Amino acid sequence: MRDPKPRRNQAPSLAGKLRKHSAWLLLLWFVLSLYLFLSATPPAAAPLRRSTFLRPKPRALSATTAAAGEPPVRIYVYDLPARFNRDWVAADARCARHLFAAEVAVHEALLSYAGRAARPEDADLFFVPVYVSCNFSTSNGFPSLSHARGLLADAVDLVRTEMPYWNRSAGADHVFVASHDFGACFHPMEDVAIADGIPEFLKRSILLQTFGVTGHHVCQDVEHVVIPPHVPPTWLVSYRSRRRLRGTFLPSSEGNWSSTPRTLAVVSTASKHLLSTLALLAVASSNNYPRMITSKRLISGWKVRTELLQYYGRNKKFYLKRKRFDNYRSEMARSLFCLCPLGWAPWSPRLVESVLLGCIPVIIADNIRLPFPSVVRWPDISLQVAEKDIASLEMVLDHVVATNLTVIQKNLWDPVKRKALVFNRPMEVGDATWQVLRELEVLLDRSERRRYAGSWRRWRPER
């Protein structure tokens, strides 16, 4: 007897069932994966930890909080003994107003900051106010940094022993200011700064520093935010005041730089660190800085300034001085372009001085990184000339005068850009301290993404 023919409605195989419900199975796998990803335990030493009550999308602050004036991040300011900060200001008033005074300005602005955490338990970050650039005991009057590492180490020891928050992240959520030449290395000479490196106890912390270059550099091998050098807010002149000083913004039809008032003059003055070529060599061989002349960057700064004098010292289109003079500010305000060559470090206070006075900065410092580029948009308000192109500088400026000078000037007078470079006390929405907090918010956001990515890698099974 033959076997009966198989029925057509026979139950489907297991593979057929899986194919039929494949969409639901994929959805279930996705939900389970998402659950495991979000519930994974973060690393024990997470670099930064955001408080739970803060907004989950910090980058949204740019539009909303700028309009409402809301604080972008919660920060706790340690109340350290006066020997770490206030005593230095009391001993010398220059401490609060010289080019390294951002360490004082940021501290004072944060003390009156509406978003300052009253309790450390509520903070996202912790600010450690130590003034290391206020020791004016040297014979030449320059700020000494010889005490900086010891003073910072004492502050960290105090915070570590008396408060539990440093040990929670090994200092990764603690913020310091390093507003001098080579930032986190705490030395004014680059070769010595590189040899010494960043103090071991600060390598996990966040540094606010004026020093910044493209590419790798030992002194920025730490989480950091590039900030502008301190220039008093009184330098910020209005458009109307500028017109009174200069008479007009536009060049003459012949493009004559030497018209009166100095509509197209160029100002370049050496900082008090570099009074002249001879003074530079004298300082380099002094007892205070015996190895300074071995710094390649310092030699480059000396070479650039020497070439500027050689090429343009007798050129009537240029107004060059070897040292600061009485009408320094007014001459800058009357000029179209202000030269900002590198000196001991790539950055210079003239970067900020020029912008505040309405003079187009001409930056001569290869590989420099500038503060707050997303807000200031430096290519729109300045010129950058390579150090090797000093001989072509006059031709470059002539070309700008003949083409897009008016556009650059219009960008330069944008109040948002100018305000971002000024440390106000108390802090104002959009000023330099506010921009620092905005950058710290971005660091928090980025740190969270790294933390969760690390969690994902830990639990994900190997293939």
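How many salt bridges does the structure hold? The count comes to 14, and it is taken from a predicted model rather than an experimental one. Before getting to individual pairs, a quick look at the chain as a whole helps set the scene.

The chain has 463 residues, and 52% of them are buried. Its secondary structure adds up to 19 helices and ten strands. Of the contacts with a separation of 6 or more, 72% are between residues 24 or more positions apart. As for the outside, the accessible surface is about 22800 Å², with carbon and sulfur atoms supplying 56% of that area.

Back to the charged pairs, starting with arginine 94 and aspartate 92. Their side chains meet in a salt bridge, at 2.8 Å from N to O. The two partners fall on either side of the 20% cut-off for burial: aspartate 92 counts as buried because its relative accessibility is 19%, while arginine 94, at 31%, counts as partly exposed.

Next comes the pair made by glutamate 394 and lysine 317, where the closest N and O atoms sit 3.1 Å apart. Glutamate 394 belongs to helix H16 (residues 393–402), whereas lysine 317 is in the loop between helix H11 (296–312) and strand E7 (318–321), so this salt bridge ties together parts that are 77 residues apart in sequence. With a relative accessibility of 22%, glutamate 394 counts as partly exposed. The pair doesn't stand alone, either: Lys317 and Glu394 are linked with Asp398 in a network of salt bridges.

A further salt bridge joins glutamate 428 to lysine 419, with 3.3 Å between the closest N and O atoms. Here both ends are partly exposed: glutamate 428 has a relative accessible area of 37%, and lysine 419 has one of 27%.

Away from the salt bridges, helix H13 is worth a look for its burial. This helix spans residues 350–357 and is mostly covered, with eight of its eight residues buried. The buried set mixes side-chain types: Leu351, Val352, Val355, Leu356 and Leu357 are in it, and so are Arg350, Glu353 and Ser354. Right after H13 comes glycine 358, which has a positive phi, near 75°.

How values were computed
Residues numbered from 1 in each chain as written. Predicted model: local features only at pLDDT ≥ 70, side-chain atom pairs only at ≥ 80, totals over all residues. Heavy atoms only, no water. Salt bridge = Lys/Arg side-chain N within 4 Å of Asp/Glu carboxyl O. Buried < 20%, exposed > 50% of the residue type's maximum accessible area, 1.4 Å probe, protein only. Helix = DSSP H or I, 4+ residues; strand = E, 2+ residues; numbered from the N terminus. Contact = heavy atoms within 4.5 Å. Areas by Shrake-Rupley, 256 points an atom, 1.4 Å probe, with all protein chains shown as cover.
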